[in-house]
Amino acid sequence: MRIGLLGTGPWARMVHAPVLAAHEGLDLVGVWGRRPEAAKELADLHGTRAYDDVDALFADVDAVAVALPPDVQAELAVRAARSGCHLLLDKPVATTPEGGRAVVRAAEEAGVASVVFFTTRFVPEAAAWIAEQTAVGGWFTAHAQWLGSVFVSGSDSPFATPWRGEKGALWDVGPHALSVLLPVLGDVRRVTAAAPGPGDTVHVVLDHGGASSTVTLSLTAPPAASGAGVELRGAAGTARLPSGGPDAFAALTRAADALRTAAGTGHPDPCDAAFGLRVTEILTDAQTLLDAGRP
């Protein structure tokens, strides 16, 4: 599969470009970025071509991988789909339901496959745990925490990017938590509460219909408090998501494999753009409650 990379930021440099260039089933045809000099630098590093015209890249590939802020991603994903490109997208798909729906509609109308890179879903141990707990069922409640230290004094995190600073933990790590909770507990009927905590910390309460969950998210947690976890409680007792940070390189490789499978079989992946849209809708409901509660 011929694939192009959209984006030249930290995630594109550190993960996307190396993975796509090394993948045996992919041919990294080129790189496009909003800064042409950065696109050339990244393309040269991986022995491929920098494109000044994104539509020219779309014309030369079968698929695109996107490593761009979500508001930029949504518009370009629509254009790529309409050009016949399969989509390997980052989370969140968009920052508005309208943007997410446009991506879904364009992919459906063009008949192209889509996979959203919810990292945890492409980690084998986590994926197996999610499948096992989904089969067990009978869960009463759950608590998920995704705590990062991106925006703390002394941090030199490459992910302290403008869009994360503007949108905060709800939109950056919220999708990770939802990607685990939704398949296990079912869709969210409504967001019943959302309250701010220290820094950009957010607490969200979700009604799954028969089960409830609480989610705590932050990019401003003390480094010693950072980490992610999910605990389920129900008729079967207690279950916890296997600990340990995901190997982003291996996870993205599996996401690319999932896109190739979906494109080849025509069967949608569980983490397709439609699932990404549902996550965006839930995040939007939580953001609405947060905004309403602010003085």
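This note reviews two sheets of a predicted model and the helices associated with them.

1. **The parallel sheet.** Six strands make up an open sheet with parallel pairing, and their order is E3-E2-E1-E4-E5-E6. The edges are taken by strand E3 (49–51) and by E6, each of which has a single partner strand, so one side of each is left without a neighbour in the sheet. Direction ignored, neighbouring strands here are turned by 20 degrees against each other on average.

2. **Strand E4 and its partners.** Strand E1 (residues 2–6) pairs with E4 in the parallel sense, over four bridges. Within that pairing, Leu5 stands opposite Ala65 in E4. On the E5 side, three bridges join E4 (residues 63–66) to E5, and the two strands run parallel. Ala65 has Leu88 as its bridge partner in E5, while Ala63 stands opposite His86. Ala65 is thus named in a pairing with E1 and in a pairing with E5.

3. **Side-chain directions in E4 and E5.** In a regular strand the side chains alternate between the two faces of the sheet. In E4, Ala63 and Ala65 point one way and Val64 and Val66 the other way, and all are buried. Strand E5 (residues 86–89) can be described in like manner: His86 and Leu88 point one way, Leu87 and Leu89 point the other way, and all are buried. The residues of E5 that face one way thus include a histidine, His86, and this residue is the one opposite Ala63.

4. **The crossover from E4 to E5.** Which element carries the chain from E4 to E5? The chain passes through helix H4 (residues 70–82), and this β-α-β crossover is right-handed.

5. **E5, H5 and E6.** E5 is also joined by three bridges to strand E6 (residues 114–116), and these strands run parallel. Leu87 has Ser114 as its bridge partner in E6, and Leu89 has Val116. Together with helix H5 (residues 97–110), E5 and E6 make a right-handed β-α-β unit.

6. **Packing of H5 on H10.** Helix H5 packs with helix H10 (residues 273–293) at an angle of about 175 degrees, the axes being 9 Å apart. Angles over 145 degrees count as roughly antiparallel, and H5 is therefore roughly antiparallel to H10. On the H5 side, the residues that meet H10 are Pro97, Gly100, Arg101, Val103 and Val104. Their counterparts in H10 are Ala273, Ala274, Leu277, Thr280, Glu281 and Thr284. By class, the contact holds six nonpolar, three polar and two charged residues.

7. **The mixed sheet.** A further open sheet of six strands has the order E8-E9-E10-E7-E11-E12, and its pairing is mixed. Strand E8 (190–196) and strand E12 (237–240) stand at its edges; each has a single partner strand, so one side of each lacks a neighbour in the sheet. From one strand to the next the twist averages 15 degrees. At the E8 edge, E8 pairs with strand E9 (residues 202–207) in the antiparallel sense over six bridges, and Ala193 has Val205 as its bridge partner in E9. Helix H8 packs on this sheet, where it touches strand E7 (139–147), E9, strand E10 (212–218) and strand E11 (227–234). The direction of H8 makes about 165 degrees with that of E7.

8. **Helices H7 and H8.** How are H7 and H8 oriented to each other? The axes of H7 (residues 162–172) and H8 (residues 174–185) come within 6 Å and cross at roughly 15 degrees. Angles under 35 degrees count as roughly parallel, and the two helices are therefore roughly parallel to each other. H7 contributes Ala169, Leu170, Trp171 and Asp172 to the contact, and H8 contributes Gly174, Pro175 and His176. By class, these are four nonpolar, two polar and one charged residues.

9. **His176.** This residue lies in helix H8 and takes part in the contact with H7. Is His176 buried or exposed? Its relative accessibility is 11%, and because buried means under 20%, His176 counts as buried. With neighbours within four places in sequence left aside, His176 is in contact with Lys91, Thr119 and Trp146. One of these, Trp146, has a number that falls within the range of strand E7 (139–147), a strand that H8 touches.

Notes: Residues are numbered from 1 along each chain as its sequence is written. This is a predicted model: local features need pLDDT of at least 70, side-chain atom pairs count only at pLDDT 80 or more; totals for chains, interfaces and linings use all residues. Side-chain values use heavy atoms; hydrogens and water are left out. Axes are lines fitted to C-alpha atoms, for helices over the stretch in contact, and angles run from 0 to 180 degrees between N-to-C directions. Angles under 35 degrees count as roughly parallel, over 145 as roughly antiparallel, 65 to 115 as roughly perpendicular and the rest as oblique. Contact means heavy atoms within 4.5 Å. Ala, Val, Leu, Ile, Met, Phe, Trp, Tyr, Cys and Pro count as nonpolar, Asp, Glu, Lys and Arg as charged, and the others, Gly among them, as polar. Buried means under 20% relative accessible area, exposed over 50%, partly exposed in between (1.4 Å probe, protein chains only). Two strands pair if DSSP finds at least two bridges between them. A crossover is right-handed if, with the strands pointing away from the viewer, the path from the first strand over the helix to the second runs clockwise.
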